Amino acid sequence: MQKDPITITDRAAAHIKRLMPSAISGLRIGIKKGGCAGMEYTMDIVDEPQAHDLAVVSDGARVYLAASAQMFLFGMEIDYASTLLESGFRFNNPNVAAACGCGESISFKI
């Protein structure tokens, strides 16, 4: 059995499924240039993957990894946290070398 390139926690899977407008929809995760650390994650709800996107399904939650971002995302864990002050996805990514003070942008080791 092949190991998935990313891990989706039960909390994240439950939230992804709540966000999806249909059973075929998925959350597409990518990377773009921006922010004070140089790069930012992108997230889009899509009905189908783009060419060469990698699909990961966990407990019915579908995540597509953008082809151009895959080398930066391998090994990442997607979690979802909700506190008194904020809620949102958390990306625990072993490829991140540094993050800005607000946590919105990142730089990579590779």
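Here are a few friendly notes on this predicted model, taken point by point.

1. **The core.** The largest nonpolar core holds 25 residues. Those that touch the most other members are Ile6, Ile8, Ile16, Ile31, Val63, Leu73 and Ile78. Two or more residues come from each of these elements: helices H1 (10–19) and H2 (70–73), along with strands E2 (26–33), E3 (39–46), E5 (61–65), E6 (77–82) and E9 (106–108).

2. **Val63 as a place to start looking.** If you would like one residue to click on, try Val63, which is among the core members with the most contacts to other members. Setting aside neighbours within four places in sequence, Val63 is in contact with Ile6, Ile8, Ile16, Leu27, Ile29, Leu54, Ala55, Val56 and Ile78.

3. **The three-stranded sheet.** One open sheet has its strands in the order E1-E6-E7, and the pairing is mixed. Strand E1 (7–8) and strand E7 (87–92) are the edges, each pairing on one side only. E1 and E6 run parallel and are joined by two bridges. Here Ile8 has Ile78 of E6 as its bridge partner.

4. **The other side of E6.** E6 and E7 run antiparallel, with six bridges between them. A hairpin of four residues links the two strands, and Asp79 stands opposite Arg90 in E7. Helix H1 lies across E1, E6 and E7, at about 80° to E6.

5. **The cysteines.** How many disulfides does the model contain? The count is zero. Cys36 and Cys100 may catch your eye, but the sulfur of Cys36 lies 3.7 Å from that of Cys100, its closest cysteine sulfur, and this is too far for a bond, because a disulfide needs the two sulfur atoms within 2.5 Å. The surroundings of the two are worth noting as well: Cys36 is exposed, with a relative accessible area of 67%, whereas Cys100 is buried at 12%.

6. **Two positive phi values.** Most residues other than glycine have a negative phi. With that in mind, have a look at His52, where phi is positive, near 75°. His52 sits in the loop between E3 and strand E4 (54–58) and is exposed, with a relative accessible area of 69%. Asp59 also has a positive phi, near 50°. Asp59 is found in the loop between E4 and E5, and at 54% relative accessibility Asp59 counts as exposed.

Technical notes:
Residues are numbered from 1 along each chain as its sequence is written. This is a predicted model: local features need pLDDT of at least 70, side-chain atom pairs count only at pLDDT 80 or more; totals for chains, interfaces and linings use all residues. Side-chain values use heavy atoms; hydrogens and water are left out. A nonpolar core is a set of buried Ala, Val, Leu, Ile, Met, Phe, Trp, Tyr and Cys residues joined through side-chain atoms within 4.5 Å. Buried means under 20% relative accessible area, exposed over 50%, partly exposed in between (1.4 Å probe, protein chains only). Contact means heavy atoms within 4.5 Å. Two strands pair if DSSP finds at least two bridges between them. Axes are lines fitted to C-alpha atoms, for helices over the stretch in contact, and angles run from 0 to 180 degrees between N-to-C directions.
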